[in-house]
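This report describes how the parts of one protein model fit together. Please look at the sequence and structure below before reading on.

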Amino acid sequence: TEILSLEDQYENLEVHFIHGKWFHASEPVSTALDLSAARCQCEFQFQTHTDMFPMRKDFLRHWLRHCSPEQPVVGYEISPRGHVDGVLRGLWRGMVGHTCTMLHMPTIDNAKIIWKLLYGHQHYGLDHTTDTEVPFNLQLRDAGITPHFLGHDINFKRQQDEWIDHVRSYPSSKMYDNNYHEQAKSWMAE
């Protein structure tokens, strides 16, 4: 209710909740990204993680300077996927994540690019347990769109650079690594 009350305080804010029975931990994320794209009424959309904090006041202005119809995807390259099996182990290079991403929405909409995980299974033969970013990035490649990277994600660490302070995987770390979660919890407190 506290988050919903923010809609009453800010004229241009919408709050949406999505719940369901998910077949993979990435599915609610991809669903939320697709919902945000469907609701976007702006030329540009910024996507981020709940554990990522901008470090500069000119952060969004800087991202916008790099994003355009000619360069419609700007962000961080996804982290190395050496910890996974199968096609993704080598496929991840050159893929943008949703940690810190600016999209030119008319270009993305015109190319009909979506985040839906099931799309990756149906159109690319990917396993249902693929990462959130893969179907989206394969569609970018099919459309001839190469992301412009302003940084590179890392795994299982606190990532600090000129632009971001990202406590990687904090929300999900309690599910898969209690030791890392304890460390990430102290970073979040900072």
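## Nonpolar cores

Leaving aside residues up to four places away in sequence, A37 touches Q45 and M105. This description, like the rest of the report, rests on a predicted model. Both A37 and M105 belong to the largest nonpolar core, which has 12 residues in all. The other members are L33, V73, V96, L103, I108, I113, W115, F136, L140 and I145. Three helices each supply at least two residues of this core: helix 2 (27–39), helix 5 (105–110) and helix 7 (133–142).

A second core, separate from the largest one, has 10 residues. Among them are M52, F59, Y76 and C100.

## Strand 3 and its partners

Strand 3 covers residues 73–77, and 5 of its 5 residues are buried, so the strand is largely enclosed by the rest of the structure. Strand 3 pairs with strand 4 (residues 100–104) in the antiparallel sense, over 2 bridges. V73 of this pairing has L103 in strand 4 as its bridge partner, and V73 and L103 are also both listed in the largest nonpolar core.

Strand 3 also pairs with strand 5 (residues 148–152), here in the parallel sense and over 4 bridges. The bridge partner of E77 in strand 5 is H152.

## Helix 7 and helix 6

How much of helix 7 is buried? In this helix, 8 of the 10 residues are buried, so helix 7 is largely enclosed by the rest of the structure. The buried residues are E133, V134, P135, F136, N137, L138, Q139 and L140. F136 and L140 also take part in the largest nonpolar core. After helix 7 comes G144, which has a positive phi near 75 degrees.

Two packed helices are described by the angle between their axes and the distance between the axes. For helix 6 (residues 117–124) and helix 7, the axes come within 8 Å and cross at roughly 55 degrees. The two helices are therefore oblique to each other. On the helix 6 side, the meeting residues are L117, Y119, G120 and Y124. On the helix 7 side they are P135, L138, Q139 and D142.

## The sheet of strands 2, 7 and 6

Strands of a sheet pair through backbone hydrogen bonds, either parallel or antiparallel. An open sheet of 3 strands has the order 2-7-6, with antiparallel pairing. Strand 2 and strand 6 are at the edges, each with a single partner strand, so one side of each has no neighbour in the sheet. From one strand to the next, the twist averages 10 degrees.

Strand 2 (residues 52–54) is joined to strand 7 by 3 bridges. Within this pairing, F53 has D165 as its bridge partner, and P54 has I164. Strand 6 is likewise joined to strand 7 by 3 bridges, and a hairpin through 3 residues connects the two strands. Q160 stands opposite D165 of strand 7.

In a regular strand the side chains alternate between the two faces of the sheet. Are the faces of strand 7 covered or not? Both are: I164 and H166 on one side are buried, as are D165 and V167 on the other. Helix 9 (residues 178–189) lies across strand 2, strand 6 and strand 7, and runs at about 145 degrees to strand 7.

## Aromatic pairs

The count of aromatic pairs comes to 10. In one of them, the ring centres of W63 and W163 are 5.8 Å apart and the planes stand at 70 degrees, so the pair is edge-to-face; the cut-off for this class is over 60 degrees. W63 is in helix 3 (residues 59–66), while W163 is in the loop between strand 6 (158–160) and strand 7 (164–167), so the pair ties together parts that are 100 residues apart in sequence. W63 is buried at a relative accessible area of 0%, and W163 is also buried, at 8%.

Another edge-to-face pair is formed by Y180 and W187, with ring centres 6.0 Å apart and planes at 70 degrees. Y180 is buried, at a relative accessible area of 7%, and W187 counts as buried at 18%. Ring pairs also link F46, F59, W63, Y76 and W163 into a cluster. Of these, F59 and Y76 are included in the second core.

Notes
Residues numbered from 1 in each chain as written. Predicted model: local features only at pLDDT ≥ 70, side-chain atom pairs only at ≥ 80, totals over all residues. Heavy atoms only, no water. Phe/Tyr/Trp six-rings, centres within 6.5 Å; stacked < 30°, edge-to-face > 60°. Buried < 20%, exposed > 50% of the residue type's maximum accessible area, 1.4 Å probe, protein only. Pairing = 2+ DSSP bridges. Core = buried A, V, L, I, M, F, W, Y, C linked by side-chain atoms within 4.5 Å. Contact = heavy atoms within 4.5 Å. Axes fitted to C-alpha atoms, helices over the stretch in contact; angles between N-to-C directions. Parallel < 35°, antiparallel > 145°, perpendicular 65-115°, else oblique.
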